[in-house]
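User: I have this model open beside me and would love a close look at one part of it. Could you set the scene with the whole chain and then walk me through the side chains in that spot and their surroundings?

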Amino acid sequence: MPKIPFAYNLKNSQDMSVEDIQEFALVNGNMPGLACADENCRAEHPETRLTCACCDPEKPCSVQLPHLRTYPNHEHSEECRFGRLAEAYEYVMRHKDEFINHGPDRNIFKRLKRIDDASALPDEYVNEFCPRENVALIDREIDNLMQRGASRVQAERIAVCRVPEKTSRLSLIISAAEKLYEPLPGQDEKNRLDEAKSVRLALPGRSNSNYFSAFHKIYTLKESYNIPYILHDYATVHRKNDGFLIRYSYPLNDYREGMKGLTAVSFISDEELRGKGGATLRSSLEHYANSGKTCCVYSFSRHFLNENNCPDVAHNACVVIEFNTLGGIVIRPRCVNRSEKRKS
């Protein structure tokens, strides 16, 4: 997980997640000044600053995932819960063999060749995530361990091993998947896929999935499929008067019996894009609409057949991919583990 779950924006006096900071940078053209989200810690160490590593949308990292960390030689107060948790994670990551029995299924204990900091890998995706609630779960586990005789430091270290790290940032999931699927020199296909299968990713209503099984291609959908997946496929983006139309590249031949060659589409209105997370998504949509380039669209969404009123006026009937939330949409240049040309 990120070393610290959220930070305090000195400009607008608000707590900000990594996703919030990325959008702030996109809208304002610069990164905000960040301090510790613990009010008492800020009062005791007003000089302490945090940085959002790998969060600049213009300078993405090739290895690490976006995360918050404290500047070197900047201190937190002794009782700062965020500083203490960061120290606990740092210690656990340096002594994995000592703590693996406390959380054998946690991604933080995975030894991966493509991701140098496995603590940035979430174990679960949830539709809505509150970092403070996650910290509260860790606090309760710390209290339970201390009541059973553990020292405070040891309880903190064990607790961060036991509480799964959750995220509602699909972009974080996709960034991790892209790195997991990136081939290494001399590594064969089987070893590459086995590593993706080893990393846990629980989805809402589907606790036993992983970074390999979580994804499903849109062109292979059937109407009866209702298992939670990260739906994805290549697509083109088209600007309309009141929003953006996403037209997926490949026809659905098996969605409903007797109906071949169905087109799949999504539509995002300008009104929706005014909400939280809309600025980042709008930037991506405008880029691909203006360039005409093909992109890969990932989403948590539902799908249904619209037989008479397709959002794409070029078709009477189409399969509509309807997004759950703006935060559940990510656009990338290419799809993980797939070339742009579909295999027949």
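Analyst: About 17,000 Å² of accessible surface belongs to the chain, and carbon and sulfur atoms account for 45% of that area. Please keep in mind that this is a predicted model. Of the 344 residues in the chain, 51% are buried. The chain holds 9 helices and 15 strands. Its radius of gyration is 22 Å, close to the 20 Å given by the globule rule for 344 residues, so the chain is as compact as a globular protein of that length. Measured out along its principal axes, the C-alpha trace spans about 65 × 45 × 40 Å. Contacts that link distant parts of the sequence are well represented: of those between residues at least 6 apart, 65% join residues at least 24 apart. As for charge, the chain has 47 positive and 48 negative charges, and the mean positions of the two sets are 5 Å apart.

Now for the close look, which I would centre on histidine 303. This residue lies in strand β13, which covers residues 301–306. Is histidine 303 buried or exposed? Its relative accessibility is 16%, and because buried means under 20%, histidine 303 counts as buried.

The side chain of histidine 303 has two polar partners worth finding on your screen. One is the backbone oxygen of tyrosine 225, which lies 2.8 Å from a polar atom of the histidine 303 side chain. The other is a side chain: histidine 303 and tyrosine 255 are joined by a polar contact of 2.8 Å.

If you set aside the neighbours within four places in sequence, both tyrosines appear among the contacts of histidine 303. The rest of that list includes Leu221, Lys222 and Glu223, along with Leu231 and the run Val319, Val320 and Ile321. Valine 319 sits 16 residues from histidine 303 along the chain, and the C-alpha atoms of the two are separated by 6.7 Å.

Valine 319 also gives us a path to a second residue. Threonine 263 touches Val319 as well, together with Arg247, His315 and Cys318, when residues up to four places away in sequence are not counted. Threonine 263 is found in the loop between β10 (243–248) and β11 (264–269). Its relative accessibility is 14%, and threonine 263 therefore counts as buried.

From threonine 263 we can step to arginine 247, which is found in strand β10. With 25% relative accessibility, arginine 247 counts as partly exposed, because that class runs between the 20% and 50% limits. What does the side chain of arginine 247 pair with through polar contacts? One partner is the side chain of histidine 238, at 3.1 Å. Another is the side chain of aspartate 312, at 2.7 Å. Neighbours within four places aside, the contacts of arginine 247 also include Ala235, Thr236, Thr263, Ala264 and Val265.

Leucine 231, which we met among the contacts of histidine 303, offers a useful distance check here. Arginine 247 and leucine 231 are 16 residues apart along the chain, and their C-alpha atoms are separated by 14 Å. The histidine 303 and valine 319 pair is likewise 16 residues apart, with a C-alpha separation of 6.7 Å.

For a contrast from elsewhere in the chain, look at threonine 48, in the loop between α2 (39–44) and β4 (50–53). Its relative accessible area is 2%, which means that threonine 48 is buried. The side chain of threonine 48 reaches the backbone oxygen of glutamate 75 at 2.3 Å. Apart from neighbours within four places in sequence, threonine 48 is in contact with Leu34, Ala35, Thr70, His74 and Glu75.

Two further loop residues are worth a glance for their backbone angles. Asparagine 73 lies in the loop between β5 (67–70) and α3 (81–94), and has a positive phi of about 70 degrees although it is not a glycine. Asparagine 73 is exposed, with a relative accessible area of 79%. Serine 13, in the loop between β1 (7–9) and β2 (14–16), is also not a glycine and has a positive phi of about 55 degrees. Serine 13 is partly exposed, with a relative accessible area of 46%.

To come back to where we began, histidine 303 is a buried residue whose side chain has a polar contact with the side chain of tyrosine 255 and lies 2.8 Å from the backbone oxygen of tyrosine 225.

Note on methods: Residues numbered from 1 in each chain as written. Predicted model: local features only at pLDDT ≥ 70, side-chain atom pairs only at ≥ 80, totals over all residues. Heavy atoms only, no water. Helix = DSSP H or I, 4+ residues; strand = E, 2+ residues; numbered from the N terminus. Buried < 20%, exposed > 50% of the residue type's maximum accessible area, 1.4 Å probe, protein only. Contact = heavy atoms within 4.5 Å. Polar contact = N/O pair within 3.5 Å; in protein donor to acceptor, adjacent residues only side chain to side chain. Rg over C-alpha atoms; globule rule 2.2 N^0.38 Å. Areas by Shrake-Rupley, 256 points an atom, 1.4 Å probe, with all protein chains shown as cover. Lys, Arg positive; Asp, Glu negative; His and termini not counted. Charge placed at Lys NZ, Arg CZ, Asp CG, Glu CD.
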